[in-house]
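User: Please show me how to read the features of a predicted model, one at a time. I would like the general idea and then the case at hand.

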Amino acid sequence: MRETFLPFAKPSLSEEAISEVVDSLRSGWLTTGPKLKKFEAMLREYHKVQYALCLSSATAGLQLALMALELKPGDEVITTPMTFAATLNVIEIVGATVKLVDVDRGTYNIDINNIEAAITDKTRVIMPVHFAGLPVDLDPIYSLAQKYNLTVIEDAAHSIGAEYKGRKIGSFGDIQVFSFHPNKNMTTGEGGCVVTRDNDVAKHISLTRFHGMDREAWNRFGKEGSAHYQIVYPGYKYNMMDLQAALGLHQLPFLDVFIEKRTKLVKRYYRKLAGFDPLILPKQPQYVHKHAWHLFAPTLNSDVAKISRDEFMSKLKQMNIGCSVHYEAVHLYPYYANKYGFKKGDFPNAEAIGENVVSLPLFPDMTEREQDDVLEALYTIFN
Ligand SMILES: Cc1ncc(COP(=O)(O)O)c(C=O)c1O
């Protein structure tokens, strides 16, 4: 058994990243400023996109993206119950209505075959989640969006660096929202980013993320800046600080390497767990994609395992192996069950995943030795 605890996720932070944060601290400029400007320029370049707007979180980005579309009460947003609660919470926060479509049991992504049946004359947005970094099959979704005049907001919290048919998520389509939470493929501590090619959406978010000030106001305390501004919209305070961007400046250049390392480890998991009945490994779809492998999240095969998911997780933890749940099906949380009358059986695939899924350790600096400890724990538990 391992002597020390192996976390299920861990950011890779270089000495340069740490020094860049210290540089911000020493400079006295901690909040939004020149480092954020530089980081946003890097994100635009990486995605070859016109607008990349950083925020305090992906949750903030999803909320402001929905607000930019000026939804009215009763407007419907289609998404899935197999996601982090934030995806649904923001729909509620902006006063729109959640419309759920179940996921595919194998990929955990929205079942594209069932989206059209969920579209009504109130539908305004489709919000697919690229679960664990696996791109959703976007072509059929954008075809539906075109047919019914809908906007697609991709919840890309897991999937910076992923590719769909040779194109980076974020380099095409309507709106994509990335998360830079420390467990994600790159981090700014907390943080998120909206990318878009839409001038109106970008303008709206650049206002709402900082109080609704009419122009770039971060430099109003500097020598060149003006202390005067107008408020043209009642905005939020969702800006990203330079302290956070400082990390991002030294994370983005390594993102593709981080994903390569994750992919190598995941391939090894697939090889070593081939034919290992207690676990069902996520399926790879037919269309061409590059998975960002934010998570390696198999489900327990309850017919074979003879223990519950929670017993399995506590055994792993006793053996010093970190693990987590991504996610329980969101429609069964009390708020959503009460408001919409959702109940068990409504979205069986999301429920089956939600009851059995376990995220196993996966991070770029994880060694094969550490991965062997995970595998050994699995073999021991299900011996
Ligand atoms: C699918 C999904 N959407 C949105 C979010 C929210 O991201 P953030 O923590 O940056 O607000 C998360 C975070 O884990 C997520 O997993």
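Analyst: Between domain 1 and domain 2, 29 residue pairs are in polar contact, both residues being at pLDDT 80 or more. A polar contact is a pair of N or O atoms within 3.5 Å; within protein, one must be able to donate a hydrogen and the other to accept it, and residues adjacent in sequence count only if both atoms are side-chain atoms. This is a predicted model, in which local features need pLDDT of at least 70, side-chain atom pairs count only at pLDDT 80 or more, and totals for chains, interfaces and linings use all residues. Residues are numbered from 1 along each chain as its sequence is written, and side-chain values use heavy atoms, without hydrogens and water.

User: Which elements supply at least two residues of the side of domain 1 that touches domain 2?

Analyst: They are helix H4 (85-93), strand E3 (97-100) and strand E6 (163-164). Helices (H or I, at least four residues) and strands (E, at least two) are DSSP runs, numbered from the N terminus. H4, with four residues, gives the most to that side of domain 1.

User: What does the domain assignment of the protein chain give?

Analyst: Domain 1 spans 15-254 and domain 2 spans 255-381; such bounds come from an automatic or database domain assignment. The C-alpha centres of domain 1 and domain 2 are 25 Å apart.

User: How many salt bridges does the rule find across the interface of domain 1 and domain 2?

Analyst: Side chains of opposite charge can pair when their charged atoms come close. The rule asks for a side-chain nitrogen of Lys or Arg within 4 Å of a carboxyl oxygen of Asp or Glu. Across the interface of domain 1 and domain 2 it finds one salt bridge. Lys339 pairs with Glu92, their closest N and O atoms being 2.9 Å apart.

User: How many salt bridges does a search of the whole structure find?

Analyst: The search finds 17. Among them, Lys147 and Glu116 meet at 2.7 Å, N to O. This pair links distant parts of the chain, 31 residues apart, with Lys147 in helix H6 and Glu116 in helix H5 (residues 115-118). Lys147 counts as exposed, at 57% relative accessibility, and Glu116 as partly exposed, at 33%. Here buried means under 20% relative accessible area, exposed over 50%, and partly exposed in between (1.4 Å probe, protein chains only).

User: Is Arg268 buried or exposed?

Analyst: Arg268 is buried, with a relative accessible area of 8%. Its side chain forms a salt bridge with Asp372 (2.9 Å, N to O), and a further one with Glu368, where the closest N and O atoms are 3.6 Å apart. Arg268 lies in helix H9 (residues 255-272) and Glu368 in helix H14 (residues 368-381), 100 residues apart. Asp372, also in H14, is 104 residues from Arg268. Glu368 is partly exposed at 42%, and Asp372 is partly exposed at 31%.

User: Where is the peptide bond that is cis, and which residues other than glycine have a positive phi?

Analyst: Most residues other than glycine have a negative phi, and most peptide bonds are trans. The bond from His326 to Tyr327 is cis, with omega near 0°. Tyr327 is found in the loop between helix H11 (309-318) and helix H12 (334-340). Asn320 belongs to the loop between H11 and H12, with phi near 65°, and is buried at 16% relative accessibility. Asn149 has phi near 60° and sits in the loop between helix H6 (138-148) and strand E5 (151-155); Asn149 is exposed at 69%.
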